[in-house]
Amino acid sequence: MDFLSTMKAKAKADKKVIVLPESYEKRNLEAAAECLKEELADIVLIGKKDKIMEAAGSFDVSKAIFVDPETYDRMDEMVAGLAEARKSKGMTLEEARKILMDDSLFVAVMLVKMGVADGMVSGAIHSTADTLRPALQILKTAPGTELVSSFFIMVTKTPQYGDDGILLFADCALNQNPNPAELACIAGDSAKSYNAFIGKEARVAMLSHSTMGSAKHADVTKVVDAVKIAKEKYPDLKLDGEIQLDAAIVKEVGELKAPNSTVAGKANVLVFPDIDAGNIGYKLVQRFGNAEAFGPILQGIAKPVNDLSRGCSANDIVAVVALTSVQAQVMANK
């Protein structure tokens, strides 16, 4: 099976509950109908059932779980939970109730917090900041994680690279210009994510325009320092750098430029030095290489919350629901 088919099969094998809080938006409703039809996940939609059904039109979402904040029987519990999560900021019960009545994203994250749902997917009509804000305020970061970051799983048509053409790119969507410690954290979390989704050992390349000291610049030094930190934090991880892209993934170039490296020429996880390089890099591979890009998937949050591109299609949302379901399975089994 191809990558997405594999993820869908995993999602079906241990079905999770995923919230789509943008519940009146047409792409989300089409995706919800498809997820329910394929039995990828149980889908929660937020709002008034009759209005959601009307907005859905020909898309059958009748088997979804509908949560209307005005009539939800656990609303008092939800209000108390949000106020408790934000008590350090002085949030009152009245303020918490108003937020939950006005903002479906906060309702969705609270459903995840309460265990009613296993994950949330949003972002078709909300910014990344809007999607992340309630997640970080309520769910917070996962134990042992200092940073929330993002990655794309790239499924390419070049089987000689990565593992049969599959690689993980990070961070392409969230952290603008990570410092060495943050880059090291991204590397460690990305290795775990690769293993969780692909089921194979990660081989992490910390990318630069320099390979093993071939250039001198502050940008190079940042990556060199990140490698040192990462090797100390994750001594069992196959990780190396600083390294150029071709030396990281092309066997012959890796052997020439970094003959002593355990990663050169066979990396499957590429950690970019900043978001500019990462974002440009994944889109070049996607467009020029006709690769499939699955993501951005967020890592480091205590429970699965994933962001969509505002240009996403219904099929993209279905894919992220499947990935979020698999992510929830992995986190539940830790």
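What follows is a chat between a trainee and a mentor about a predicted model.

Trainee: Let's start with the helices. How do α5 and α6 sit relative to each other, roughly parallel or roughly perpendicular?

Mentor: Take helix α5, residues 93-102, and helix α6, residues 104-113: their axes are 5 Å apart and the packing angle is about 105°. Angles of 65 to 115 degrees count as roughly perpendicular. So α5 and α6 are roughly perpendicular.

Trainee: And which residues of α6 take part in that contact?

Mentor: On the α5 side you'll find I99, L100 and D102. Across the whole contact, five residues are nonpolar, one is polar and one is charged. The α6 residues are S104, F106, V107 and M110.

Trainee: On to strand β4. Are its faces covered, and which residues are buried on the side with G119?

Mentor: β4 spans residues 119-122, and both of its faces are covered. In a regular strand, side chains alternate between the two faces of the sheet. Here M120 and S122 are buried on one side, while the other side has buried G119 and V121.

Trainee: Which residue in β11 is the bridge partner of S122?

Mentor: Look at the strands that pair with β4. β1, residues 16-20, runs parallel to β4 with two bridges, and I18 of β1 has G119 as its bridge partner. Strand β11, residues 305-307, also pairs with β4 in the parallel sense, over three bridges. There, the partner of S122 is D307.

Trainee: Now A85: is it buried or exposed?

Mentor: A85 belongs to helix α4, residues 75-85. Leaving out residues up to four places away in sequence, A85 touches Q137, I138 and K140. Buried means under 20% relative accessible area. A85 has 19% relative accessibility, so A85 counts as buried.

Trainee: What separates the C-alpha atoms of A85 and Y282?

Mentor: Along the chain, A85 and Y282 are 197 residues apart. In space, the separation of their C-alpha atoms is 36 Å.

Trainee: Last topic, the largest nonpolar core. Which helix gives the largest share of it?

Mentor: That core has 34 residues, and those touching the most other members are F3, I153, F197, V204, M206 and V271. The largest share is nine residues, and they come from helix α8, residues 180-198.

Trainee: How many residues are in the second core?

Mentor: The second core is separate from the largest one, and its members include I46, V67, A117 and V305. Its residue count is 32.

How values were computed. Residues numbered from 1 in each chain as written. Predicted model: local features only at pLDDT ≥ 70, side-chain atom pairs only at ≥ 80, totals over all residues. Heavy atoms only, no water. Axes fitted to C-alpha atoms, helices over the stretch in contact; angles between N-to-C directions. Helix = DSSP H or I, 4+ residues; strand = E, 2+ residues; numbered from the N terminus. Parallel < 35°, antiparallel > 145°, perpendicular 65-115°, else oblique. Contact = heavy atoms within 4.5 Å. Nonpolar A, V, L, I, M, F, W, Y, C, P; charged D, E, K, R; others polar. Buried < 20%, exposed > 50% of the residue type's maximum accessible area, 1.4 Å probe, protein only. Pairing = 2+ DSSP bridges. Core = buried A, V, L, I, M, F, W, Y, C linked by side-chain atoms within 4.5 Å.
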